[in-house]
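Let's go through this one by asking what each label rests on. Here is what we are looking at.

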Amino acid sequence: MSKVVTLSICSLFLVACVSNDAVEVVTEEPIQYINFTSNDQKDRVQEYWVVEKRQNPKYPISAARKGLSGCVDFIVGIKKDGRAVSYQAKKSYPEGLFDEYAAAALNHWKWSATEENGEHLPVLTTIQLDFMVGGAKNKRTAEKVCGFSHI
């Protein structure tokens with residue numbers, strides 16, 4: 001019995017030693033973004049990146065059945081490869097209703113660096129995706145919160 005215990009302990013020790021040698025820790029440097037999220041800076045993103053591919057979000061069936069319009073305003077990071085990362089909902093109306101659909105669409109967007117951005121510098125910006133339906137039950141509030149007046 002003591003041989004089994006001794007062999008078990010030795011086996012665990014050897015496996016632990018082998019496992020530690022095989023593990024390689026890779027750390028990535030945090031992305032250093034140029035921040036264009038403030039209202040007075042948000043148009044400057046066009047000096048660095050131009051939308052190459054845009055996908056409109058799908059309209060949730062539950063929102064259509066209820067006759068609701070709304071929006072999701074994201075803070076978005078555009079990486080060196082022109083893809084959106086690190087997006088976070090800054091404002092959402094009605095809260096949480098359109099977020100998943102907006103994020104899924106934004107995940108397919110692609111940007112191209114401008115000539116002035118030859119180094120492909122990553123930026124933070126804001127992007128609002130609107131969800132509108134004619135005759136919306138929440139028309140007045142949606143216009144006020146989202147800033148659109150054409151529903």
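Q: What makes the link between the side chain of Lys110 and the backbone oxygen of Asp81 a polar contact?
A: The side chain of Lys110 reaches the backbone oxygen of Asp81 at 2.3 Å. A polar contact is a pair of N or O atoms within 3.5 Å, where one must be able to donate a hydrogen and the other to accept it, and residues adjacent in sequence count only if both atoms are side-chain atoms. So 2.3 Å fits the cut-off. Keep in mind that this is a predicted model, where local features need pLDDT of at least 70, side-chain atom pairs count only at pLDDT 80 or more, and totals for chains, interfaces and linings use all residues. Residues are numbered from 1 along each chain as its sequence is written, and side-chain values use heavy atoms, leaving out hydrogens and water.

Q: Why does Lys110 have no salt bridge?
A: A salt bridge needs a side-chain nitrogen of Lys or Arg within 4 Å of a carboxyl oxygen of Asp or Glu. For Lys110, the nearest side chain of opposite charge (Lys and Arg count as positive, Asp and Glu as negative; His and the chain ends are not counted) is Asp81, 5.5 Å away. That misses the cut-off, so no salt bridge is counted, although Lys110 is buried.

Q: How do you know that Trp109 and Trp111 are buried?
A: Buried means under 20% relative accessible area, exposed over 50%, and partly exposed in between (1.4 Å probe, protein chains only). Trp109 has 3% and Trp111 has 5%, so both count as buried.

Q: Why is the pair of Trp109 and Trp111 called tilted?
A: Rings of Phe, Tyr and Trp (its six-membered ring) pair if their centres lie within 6.5 Å; planes under 30 degrees apart count as stacked, over 60 as edge-to-face and the rest as tilted. These two centres are 5.7 Å apart with planes at 45°, so the pair is tilted.

Q: What makes Phe98 and Phe131 a stacked pair?
A: Their centres are 4.3 Å apart, with 15° between the planes. Phe98 lies in the loop between E4 and H3 and Phe131 in strand E6, so the pair ties together parts 33 residues apart in sequence. Helices (H or I, at least four residues) and strands (E, at least two) are DSSP runs, numbered from the N terminus. Both Phe98 and Phe131 are buried.

Q: How do you know that the buried residues of H3 line one face?
A: In H3 (residues 99-106), Ala102, Ala103, Ala105 and Leu106 are buried. Seen down the axis, they fall within an arc of 160° (directions from the helix axis to the C-beta atoms), so they line one face of the helix.
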